[in-house]
Amino acid sequence: MPASALVLGGDLGGTSTRIVIADHEGNVVGRGAAAGGNPTSHPASAAANFGQALHTALAGLDPTAVKAAVIGAAGGSALARPDVRAQFDAAWDGAGLTGEPEFIGDLEVAFASGTPEPDGLVLIAGTGSAAGLVRDHQLVRTADGHGWLLGDDGSGFWLGREAVRSVLRNLDLGEPIGVLGQAVVRAVLPDRDEHAIAQREGYDVLRDDLIREVNSRPPVMLAELARTVVWAFEQNDETAHGLVKRAADLLTETVGRLRTTKDKGPMILAGSVAGESSPVGRLIRETIHQHFSGEVLTARDGVGGATWLALGTLDPALATHQNHTRLVS
């Protein structure tokens, strides 16, 4: 392999698309970013955003020098559809790239961004949630990741939906909706008169308006209310505390579906809900050792993990701990 060979790592998320180009020593020589590249949540724009990020990352570089590429894709199952994959292939070719990119799931990328070890567990909890069992850097089993309608227990979507449900339950009972409920109403119905919230005779109208407004939006937007739950948690709202604990329990149960007595590798936590600054993430870290004796680590930079995997594709000898630290720090 010539010393001028480059590798490409990609992270196609629901919020952003990120591309990194690195040389064979793990030095980053190009970066590109664009809006969301998840082909499931952004079917009309994902491929175009992917192409934009590629062009930016490759500026001033020879695209034919890229000899290995690994791209993590949230919602990557959509790439199995010929029409969707054709759009991404066109964006790839349009950037002047000649090799064949390897698209893998976001679980594998998250694991690789958290550790250079070959085996272990990974849990992603952001808008959605899923866990995976990794062997030799390959995903061999998964749990949840079933989407908002059928699963994603403990995710940002789950927190948002349960927050709205708690408000509706209190309205049904004619009870005060509390700090969390008021915050949910402000977030969903920003023009609502605060005084109407406190009036029993206004409860039926408020309930109907909440139901109507939530159902008029894409379901995934309920995940935005996860921040509202966190805010209410910090205000010591009892309902928010209960939701945070339940989310942590559900996510721990999801990981538990994959654990075996042979597991010796680390567990990687990734995503905003499982992050170190999230109360759900903090609670998982406090309680997970009741079920898991290994090291618990946090995924840092998904695109760095993908780039490190691309180095290993180029030459397994390049997938060193030193290069991992350089790419994900």
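Student: A nonpolar core is a set of buried Ala, Val, Leu, Ile, Met, Phe, Trp, Tyr and Cys residues joined through side-chain atoms within 4.5 Å. How many residues has the largest nonpolar core here?

Tutor: This is a predicted model, and its largest nonpolar core has 48 residues. Those with the most contacts inside this core are Leu-159, Leu-171, Leu-180, Leu-210, Val-229, Val-280 and Ile-284.

Student: Which residues does Leu-171 touch, leaving out those up to four places away in sequence?

Tutor: With those left out, Leu-171 touches Ile-177, Tyr-203, Leu-206, Arg-207 and Leu-210. There is also a second, separate core of 26 residues, with Ile-19, Val-66, Leu-79 and Ala-91 among them.

Student: Turning to helices, at what angle do H4 and H9 pack?

Tutor: Two packed helices are described by the angle between their axes and the distance between the axes. For helix H4 (residues 156–173) and helix H9 (residues 238–256), the angle is about 145 degrees and the axes are 11 Å apart. The crossing of H4 and H9 is right-handed.

Student: And which residues make that contact?

Tutor: H4 contributes Trp-158, Leu-159, Glu-162, Ala-163 and Ser-166, while H9 contributes Thr-239, Leu-243, Arg-246, Ala-247 and Leu-250. By character, six residues of the contact between H4 and H9 are nonpolar, two are polar and two are charged. Leu-159 is also one of the residues with the most contacts inside the largest core.

Student: Now the five-stranded sheet: what is its strand order?

Tutor: The order is E3-E2-E1-E4-E5, in an open sheet with mixed pairing. Strand E3 (28–35) and strand E5 (102–105) are the edge strands; each has a single partner strand, so one side of each lacks a neighbour in the sheet. On average, and ignoring direction, neighbouring strands of this sheet are turned by 15 degrees against each other.

Student: How many bridges join E1 to E4?

Tutor: Strand E1 (residues 6–12) and strand E4 (residues 66–73) run parallel and are joined by seven bridges. Leu-8 has Ala-69 of E4 as its bridge partner.

Student: Which strands of the sheet does helix H11 touch?

Tutor: Helix H11 (residues 302–314) packs on the sheet and touches E1, strand E2 (16–23), E4 and E5. The direction of H11 makes about 145 degrees with that of E1.

Student: Thr-307 of H11, then: buried or exposed?

Tutor: Thr-307, which lies in helix H11, has a relative accessible area of 0% and is therefore buried, the limit being under 20%. Not counting residues up to four places away in sequence, Thr-307 touches Val-7, Gly-9, Val-20, Ala-22 and Leu-327.

Student: And why is Thr-228 classed as buried?

Tutor: Because its relative accessible area is 13%, which falls under the 20% limit. Thr-228 lies in helix H8 (residues 226–234). Beyond residues up to four places away in sequence, Thr-228 touches Leu-180, Ala-183, Val-184 and Ala-187.

Student: One last topic: which residues lie on each side of E9?

Tutor: In strand E9 (residues 267–270), Met-267 and Leu-269 are on one side and Ile-268 and Ala-270 on the other; all are buried, and both faces are covered.

Student: Which residues of E6 and E10 stand opposite those of E9?

Tutor: Val-122 stands opposite Ile-268, where strand E6 (residues 120–125) pairs with E9 in the parallel sense over four bridges. Thr-298 of E10 stands opposite Leu-269. E9 and strand E10 (residues 296–298) run parallel and are joined by three bridges.

Methods:
Residues are numbered from 1 along each chain as its sequence is written. This is a predicted model: local features need pLDDT of at least 70, side-chain atom pairs count only at pLDDT 80 or more; totals for chains, interfaces and linings use all residues. Side-chain values use heavy atoms; hydrogens and water are left out. Axes are lines fitted to C-alpha atoms, for helices over the stretch in contact, and angles run from 0 to 180 degrees between N-to-C directions. Helices (H or I, at least four residues) and strands (E, at least two) are DSSP runs, numbered from the N terminus. A crossing is left-handed if the near helix is turned anticlockwise from the far one by less than a right angle, and right-handed if clockwise. Contact means heavy atoms within 4.5 Å. Ala, Val, Leu, Ile, Met, Phe, Trp, Tyr, Cys and Pro count as nonpolar, Asp, Glu, Lys and Arg as charged, and the others, Gly among them, as polar. Buried means under 20% relative accessible area, exposed over 50%, partly exposed in between (1.4 Å probe, protein chains only). Two strands pair if DSSP finds at least two bridges between them.
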